[in-house]
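Please work through the exercises below with the coordinates loaded in a viewer. Each task is followed by a solution in steps.

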Amino acid sequence: MMREEDTLLKKRLLELARQCEYKNIPVFSHFLNLNEQTVFHGLRTELPPVQVILEGGYEAAERKIVCFLPVTDHVDGYLSSILPVTAVWVRPKAPKFSGDCAHRDYLGAVLNLGLDRNQIGDILLEGQEAWILCREQIAPFIIDQLTQVRRNAVVCQAVPLMQLQYTPRYKEVSGSIASLRLDSLVSLAFGLSRSKAAECVKEERVFVNGKLTVSSAYEPAEGALISVRKLGKFRYKGFVNKTKKGRSYVALEVFV
């Protein structure tokens, strides 16, 4: 049975899609988390004739906005110019006297300003600096009000997405698995036993390309982005070859 909040989200997304169709203008949702993206994927067949793209502002984004675009629009080279997302660059005022902060520190500092979580996308960390992806209308507020993260005094600056200098870091992981099942890939990515990986799937913690996947036997396509709550995310690069014992040798990129 669908939860009340999921029913409301579905209704809201359908309203946005119809607004795009009737007014023939681009329309954007708030940032959706992985569970909300799963709700969206479940209503795709109910959408009116509009173009739909999920975009988080950078490669491998987890939290994403649903972009509803008129069918007549040419998306290539166009979406990046109208996507209502800004990157707020946060850096310490006195780097020599500042320590590194974790994701939860930045998120907590932003939410303590009174902002809703759905206005904030991914938070990208790089040493003592961070980029907070957010809806463009709240960027000025963050820049003005965010003056401290943990014990560090910080300064903030808006950076257009097209100028965002961030490349996700990952480590390459490869190995042989019994089959190309989802639980086998999760096991290899995070060094878990096959049974522990299957538990992650059963506990509804595994998402493939933003969609909740509850079958351990599911075989993701090459290039799939797989997120596991509490563990991280990785990209399935694909099958490499068969070993002499008939196992599948595969390659992954585990984000760090």
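The exercises concern a predicted model and treat its pocket, its cavity, a buried helix, a hairpin and a sheet.

**Exercise 1. Characterise the largest pocket by volume, centre, contributing strands and residue class.**

Solution.
Step 1. The volume of the largest pocket is about 660 Å³.
Step 2. The lining comprises 24 residues, and those closest to the pocket centre are Tyr-58, Glu-62, His-103, Ile-123 and Lys-233.
Step 3. At least two lining residues come from each of strand S5 (120-126), strand S12 (225-228) and strand S13 (232-242). The largest contribution is that of S5, which supplies five residues.
Step 4. Sorted by class, the lining holds 12 nonpolar, eight charged and four polar residues.

**Exercise 2. Determine how many cavities of 30 Å³ or more the structure contains, and describe the lining of the largest cavity.**

Solution.
Step 1. Searching the whole structure gives one cavity of 30 Å³ or more. The volume of the largest cavity is about 30 Å³.
Step 2. Its lining is formed by Val-90, Arg-91, Pro-92, Cys-101, Tyr-106, Gln-128, Val-149, Asn-152 and Val-154.
Step 3. Two or more of the lining residues come from each of S4 and strand S8 (152-159). S4 gives the most, namely three residues.
Step 4. The class count for this lining is six nonpolar, two polar and one charged.

**Exercise 3. Identify which residues of helix H4 are buried and which elements cover them.**

Solution.
Step 1. Helix H4 spans residues 103-111, and its buried residues include Asp-105, Tyr-106, Leu-107, Ala-109 and Val-110. The cut-off for buried is under 20% relative accessible area.
Step 2. An α-helix has 3.6 residues a turn, so residues three or four places apart point the same way. Tyr-106 and Val-110 are both in the buried set.
Step 3. The cover over these residues includes strand S4 (85-92), S5, strand S6 (129-135), helix H5 (139-145) and strand S7 (148-149).
Step 4. Tyr-106 also belongs to the lining of the largest cavity.

**Exercise 4. Establish how S6 pairs with S4 and with S5, and state whether S6 is mostly covered or exposed.**

Solution.
Step 1. Six bridges connect S4 and S6 in an antiparallel pairing. Within this region, Ala-87 has Leu-133 of S6 as its bridge partner.
Step 2. S5 and S6 are likewise antiparallel, joined by five bridges. Glu-126 is placed opposite Glu-129 of S6.
Step 3. Two residues separate the strands of the S5 and S6 hairpin, where Gly-127 adopts a positive phi near 65°.
Step 4. S6 is mostly covered, with six of its seven residues buried.

**Exercise 5. Reconstruct the three-stranded open sheet and place the helices that lie across its strands.**

Solution.
Step 1. The strand order is S1-S3-S2, and the pairing is antiparallel.
Step 2. Strand S1 (27-32) and strand S2 (51-55) form the edges, each pairing on one side only.
Step 3. With direction ignored, neighbouring strands of this sheet are turned by 15° against each other on average.
Step 4. S1 and strand S3 (residues 64-69) are antiparallel and share four bridges. Phe-31 is found opposite Ile-65 of S3.
Step 5. Helix H1 (residues 4-23) lies across S1 and S3 and runs at about 155° to S1. Helix H2 (residues 34-42) lies across S1, S2 and S3, at about 135° to S1.

Key: Residues numbered from 1 in each chain as written. Predicted model: local features only at pLDDT ≥ 70, side-chain atom pairs only at ≥ 80, totals over all residues. Heavy atoms only, no water. 1 Å grid on protein atoms, 1.4 Å probe; cavity = no way out; pocket = protein on both sides within 12 Å on 5 of 7 lines; lining within 4 Å. Points joined across faces, edges and corners; volume = space filled by probe spheres on them. Nonpolar A, V, L, I, M, F, W, Y, C, P; charged D, E, K, R; others polar. Buried < 20%, exposed > 50% of the residue type's maximum accessible area, 1.4 Å probe, protein only. Contact = heavy atoms within 4.5 Å. Pairing = 2+ DSSP bridges. Axes fitted to C-alpha atoms, helices over the stretch in contact; angles between N-to-C directions.
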